[in-house]
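Work through three short exercises on the structure below. Try each task before reading its solution.

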Amino acid sequence: MPSALPYRETPTTIPAVDGFPLASTVFEPTGRGLDRPSVVQIHPATAVERGIYVKYARYLAQHGFTVITFDYRGTGESLRQPIRAFKGRMREWGELDIEGVLRFIADRFPGHRHLCVAHSVGGQVLGLAPSVGRLDAVWAVATQWGTWKLWPAPRRYFYKVLFHGVAPAMVGVFGYFPGRWLGMGDLPGSIGMDWMRWCRSAFYIQDDSGQPLRPHFHELTARVRWNGFADDPQFGPPKAVAHMPTLYPNARNEVRIIHPDESGHPAIGHFGFFRSRFESTLWSASVDWLLAEETSPAPSAALDLALPIVTG
């Protein structure tokens with residue numbers, strides 16, 4: 001197969017389940033693609049616009065995959081009103097937005113292998129989507145269990161103070177959460193408050209009564225590769241990444257913590273995977289993994305995946 005197939009890049013709008021218009025882009029190879037057609041939906045991280053995934057999406061398209069990128073409601077080009085005026089919930093990113101993309105792909109690309117590359121929160125809320133069982137494989141990038149107690153000291157205490165007091169106060173003052181202060185994007189106030197409430201809880205993703213929210217997590221039976229990075233202490237420390245298989249008990253889970261020296265570069269971090277300098281290492285590895293239809297995940301030799309749920 002050629003290493004760089006021609007492709008076309010088409011901005012579009014995908015309707016969420018409730019009809020909310022999600023700004024999206026479809027990348028389709030126009031030459032001879034894969035022997036078995038495959039489509040990849042890329043889920044953004046919290047408050048991250050789909051633009052940072054463009055180079056990686058193009059790389060996948062050049063290797064025969066059809067790729068869908070999109071912005072969650074309240075973020076990027078899917079925010080079509082002043083951020084202070086937007087009302088939405090974080091759970092809607094999974095229940096309505098990701099579900100809408102899953103349905104769009106099922107309707108437009110029937111018969112394709114259905115794959116997912118999920119960045120950070122994109123792998124957390126995946127199990128809120130009723131059609132999650134359609135997925136054949138998930139390559140998760142820096143997806144972590146968000147409870148603050150899984151962060152190493154002293155950073156965990158910074159997050160405890162942030163989520164219990166400082167961040168809610170910021171929403172009260174500004175009318176939204178100024179996430180750029182943390183090195184991410186801004187969030188509408190209602191979504192930011194949900195995120196803080198989740199991070200305060202040992203259950204993390206929870207309903208409004210404070211109970212675990214797990215409607216479809218058990219329905220994911222696909223191969224899942226949880227990729228963490230040893231130099232990501234701020235957003236995705238290894239312990240928090242290694243906790244993710246407990247959310248998806250029926251998936252074929254594999255955890256891999258990658259050190260920068262394995263990538264040929266001095267740093268990766270939370271966002272680095274999607275930078276083009278990793279084309280010959282991390283990107284190439286992801287293509288090989290996504291193309292492998294039937295492989296049994298190898299257990300992690302470095303981490304104990306039988307971690308207890310954090311309590312207290």
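**Exercise 1. List what Gln-144 touches, then classify its exposure.**

Step 1. Leave out residues up to four places away in sequence; Gln-144 then touches Ser-120, Gln-124, Trp-151, Phe-235, Gly-236, Ala-240, Val-241, Met-244 and His-270. Contact means heavy atoms within 4.5 Å.

Step 2. Place the residue: Gln-144 is found in the loop between β6 (137-141) and α4.

Step 3. The relative accessible area of Gln-144 is 6%, so this residue is buried (under 20%; exposed is over 50%, partly exposed in between; 1.4 Å probe, protein chains only).

This is a predicted model: local features need pLDDT of at least 70, side-chain atom pairs count only at pLDDT 80 or more, and totals for chains, interfaces and linings use all residues. Residues are numbered from 1 along each chain as its sequence is written, and side-chain values use heavy atoms, without hydrogens and water.

**Exercise 2. Compare the span of helix α4 with that of a straight helix, and locate its bend.**

Step 1. α4 covers residues 155-174. Helices are DSSP runs (H or I, at least four residues) and strands likewise (E, at least two), numbered from the N terminus.

Step 2. A straight helix of 20 residues would span 28 Å at 1.5 Å a residue (1.5 Å times one less than the number of residues). α4 spans only 25 Å between its end C-alpha atoms.

Step 3. α4 bends by about 50° at Leu-162, the angle between axes fitted to the seven residues ending there and the seven starting there.

**Exercise 3. Find the buried residues of α4 and their packing partners.**

Step 1. Tyr-159, Leu-162, Phe-163, Ala-167, Met-170 and Val-171 are buried.

Step 2. These buried residues pack against β7 (176-177) and α5 (189-200).

Step 3. Contrast Val-166, also in α4: its relative accessibility is 33%, so Val-166 counts as partly exposed.
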